[in-house]
Amino acid sequence: MHPVDEAITEPVAKLGGDPVWLEEPCWPLNPRTGEPLDFIGQIPVPVGLGDELRMAYLFLSYEDYETGGMDPEDGEAVLLIQPGGRIPGFATIGPAGTKGRSLFAFDAEDEEVLVEFRIEMRPVPEEQECYLGKYGSFDVDNYVGGKANYQMRAKVEAPWRFFFSLACTGDTGPYFLNFAHGAGYAHLSPDGLEGRFGWDAA
């Protein structure tokens, strides 16, 4: 993960900045407050060789240092898929032109500062893959694919399949996500056209 000097405008893996939509913009709202959710990042969806590019866009609520998403179907965490994806039935989508803020960090004065990072995909070291398979955990913070390192209750039952994991960072990290020292987990439907995201405390 690398901070960028200029905004990323290509459909690549990234955290923060503005979503690079592959279809019409589709910004979710917090169903309780009506406020736009924060855009956290976008990750390419695994597809078959020769298939068109699809992207997953993650949006989370934020209120008083708390990041939404403990319940993957309460509308405070929305993972949208484009193109051709299905909007989850629990999601509240804002009218055309709706735009919220994006991922942020806290500076030395405890002020919110918007941030953006390019994600560089690299294989997880083999010894860590083996450790996950044997003990069910490892120390990789953010990763795509493979086996989920669930904390407690975040698993979404089959046929949903694990997609990616994001770690809690706290208010001194390069970006702020409060998962109560746990992690967040994205899942895809079997056809890869609908997403879920929920987090769990450590």
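How many of the seven residues of strand β4 are buried? I shall begin with that strand, and I should say at once that we are looking at a predicted model. The answer is six: strand β4, residues 38-44, is mostly covered.

Let me place β4 among its partners. On the one hand, it pairs with strand β2, residues 14-16, in the antiparallel sense, and two bridges join them. Within that pairing, Leu15 has Gly41 of β4 as its bridge partner. On the other hand, β4 pairs with strand β5, residues 55-60, again in the antiparallel sense, here over six bridges. In that second pairing, Met55 of β5 stands opposite Pro44. As a reminder, the strands of a sheet pair through backbone hydrogen bonds, and the sense may be parallel or antiparallel.

I turn now to a single residue, Leu29. It belongs to strand β3, which covers residues 28-29. Is Leu29 buried or exposed? Its relative accessible area is 12%, which is under the 20% limit, and Leu29 is therefore counted as buried. Which residues does Leu29 touch, once those up to four places away in sequence are set aside? Its contacts are Gly34, Glu35, Pro36, Leu37, Gly75, Thr92, Ile93, Gly94 and Thr98. A further distance may be of interest: the C-alpha atom of Leu29 lies 8.4 Å from that of Ser61, a residue 32 positions away along the chain.

The next topic is a sheet formed by later strands. Four strands make up an open sheet in the order β13-β14-β15-β16, and their pairing is antiparallel. Its edges are β13, residues 143-144, and β16, residues 195-200, each of which pairs on one side only. The edge strand β16 is joined to β15, residues 183-188, by six bridges in the antiparallel sense. One position to find on the screen is Tyr185, whose bridge partner in β16 is Gly198.

Finally, I come to the chain as a whole. It has 202 residues, of which 47% are buried. Its secondary structure comprises 16 strands and one helix. How much of the contact set joins residues 24 or more positions apart? Among contacts with a separation of 6 or more, such pairs account for 59%. As for the surface, the chain exposes about 10,300 Å², and carbon and sulfur atoms supply 51% of that area.

To close, I return to the opening strand: β4 has six of its seven residues buried, and it pairs with β2 and with β5. Thank you.

Notes
Residues are numbered from 1 along each chain as its sequence is written. This is a predicted model: local features need pLDDT of at least 70, side-chain atom pairs count only at pLDDT 80 or more; totals for chains, interfaces and linings use all residues. Side-chain values use heavy atoms; hydrogens and water are left out. Buried means under 20% relative accessible area, exposed over 50%, partly exposed in between (1.4 Å probe, protein chains only). Contact means heavy atoms within 4.5 Å. Accessible areas come from the Shrake-Rupley method with a 1.4 Å probe; for residues, only the protein chains shown count as cover. Two strands pair if DSSP finds at least two bridges between them.
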